[in-house]
Amino acid sequence: MPVALVYNGISHTVMMTTPQDLEDFALGFSLAEGIIDKTSDIYGIDVEETCNGVEVQIELATRCFVRLKDLRRTMTGRTGCGICGSEQLEQVTKKLPKLDRTFSFDLNKLDQCLTILHDAQVLGKQTGSTHAAGFFSLEGELLAIREDVGRHVALDKLLGWHAKNNQPLGFVLVTSRASYEMVQKAATCGIEMLIAISAGTDLAVRMAEESNLTLIGFAREGRATVYTGKERLTY
């Protein structure tokens with residue numbers, strides 16, 4: 001259904017999303033898009049049903065709202081590559097932070113993580129048409145899962161959960177390819193490792209390398225392609 005993100009009374013974007021975990025979506029999207037710098041920049045979030053969809057009313061710090069007006073993008077219905085709707089090419093790729101290396105992960109635990117994430121996809125099993133993003137501890141425990149028809153939105157929802165829970169240490173596993181935008185969102189929110197069950201795009205790999213993010217694709221039972229950041233991995 002259409003979900004409008006409304007900042008300080010002004011609609012910023014309308015996204016076609018699955019209508020669960022919308023507060024997490026609003027927070028994660030705001031962080032990943034650089035609209036806010038920290039969770040305290042949002043003073044309140046209200047989810048309001050309308051006759052045509054849902055409005056998520058977000059009360060934003062004045063400093064961030066001024067910045068938002070300079071970064072306005074029109075992204076109605078974005079479920080594709082993520083570039084559609086950007087008004088300037090400069091908005092497509094943002095300067096990303098250099099991530100610290102704060103952990104190592106035993107890649108032998110990946111198979112159990114894939115099984116756990118598959119089993120936890122309640123909405124996916126009901127519909128067969130959603131993506132999932134899961135956050136795992138370094139021990140391979142699933143701490144949170146978010147599902148949505150769009151892979152970007154599933155990740156935004158998970159990043160919102162991650163921020164609300166004081167950014168626990170771990171990594172993200174997604175049931176999709178790793179696009180440039182998913183790398184950008186993860187790195188912006190301090191995620192050090194992103195694992196996808198499908199491929200990473202060329203731009204995603206380059207962005208991951210530049211931001212010191214560990215990017216893994218083609219994650220299947222007994223195999224994985226490590227694109228960048230192998231220093232975080234043990235075997």
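Which strands does helix 5 (residues 151-164) lie across? I looked this up first and found strand 6, strand 7 and strand 8, with the helix running at about 145° to strand 7. For my own record, helices (H or I, at least four residues) and strands (E, at least two) are DSSP runs, numbered from the N terminus. Axes are lines fitted to C-alpha atoms, for helices over the stretch in contact, and angles run from 0 to 180 degrees between N-to-C directions. Contact means heavy atoms within 4.5 Å.

A note on the model: it is predicted, so I keep in mind that local features need pLDDT of at least 70 and side-chain atom pairs pLDDT 80 or more, while totals for chains, interfaces and linings use all residues. Residues are numbered from 1 along each chain as its sequence is written, and side-chain values use heavy atoms, with hydrogens and water left out.

**The open sheet**

I then turned to helix 7 (residues 202-211), which packs on the sheet and touches strand 10 and strand 11; its direction makes about 60° with that of strand 11. I traced the sheet itself as 6 strands in the order 7-6-8-9-10-11, open and with mixed pairing. Strand 7 (142-148) and strand 11 are the edge strands, each pairing on one side only. The twist averages 20° from one strand to the next. Two strands count as paired if DSSP finds at least two bridges between them. Strand 6 (residues 131-136) and strand 8 (residues 171-174) pair in the antiparallel sense over 4 bridges, and there I found Phe136 partnered with Phe171.

**Strand 1**

Next I looked at strand 1 (residues 2-7), where 5 of the 6 residues are buried. Buried means under 20% relative accessible area, exposed over 50%, and partly exposed in between (1.4 Å probe, protein chains only). Strand 1 pairs with strand 2 (residues 10-16) in the antiparallel sense over 6 bridges, with Pro2 opposite Met16. Their hairpin has 2 residues between the strands, and Asn8 takes a positive phi near 50° there. With strand 4 (residues 54-60), strand 1 pairs in the parallel sense over 5 bridges; Ala4 stands opposite Glu55.

**The annotated stretch**

Last, I checked the unreviewed UniProt entry, which lists Phe218, Ala219, Arg220, Glu221, Gly222 and Arg223 under "binding site". UniProt positions follow the numbering used here, feature names are shortened, and annotations may be inferred rather than shown by experiment. I placed Glu221 in the loop between strand 10 (214-220) and strand 11 (223-228), and Gly222 lies in the loop between strand 10 and strand 11. Are these residues buried or exposed? Glu221 is exposed at 72% relative accessible area, and Gly222 is exposed at 66%. Leaving out residues up to four places away in sequence, Glu221 touches Asp111 and Leu114.
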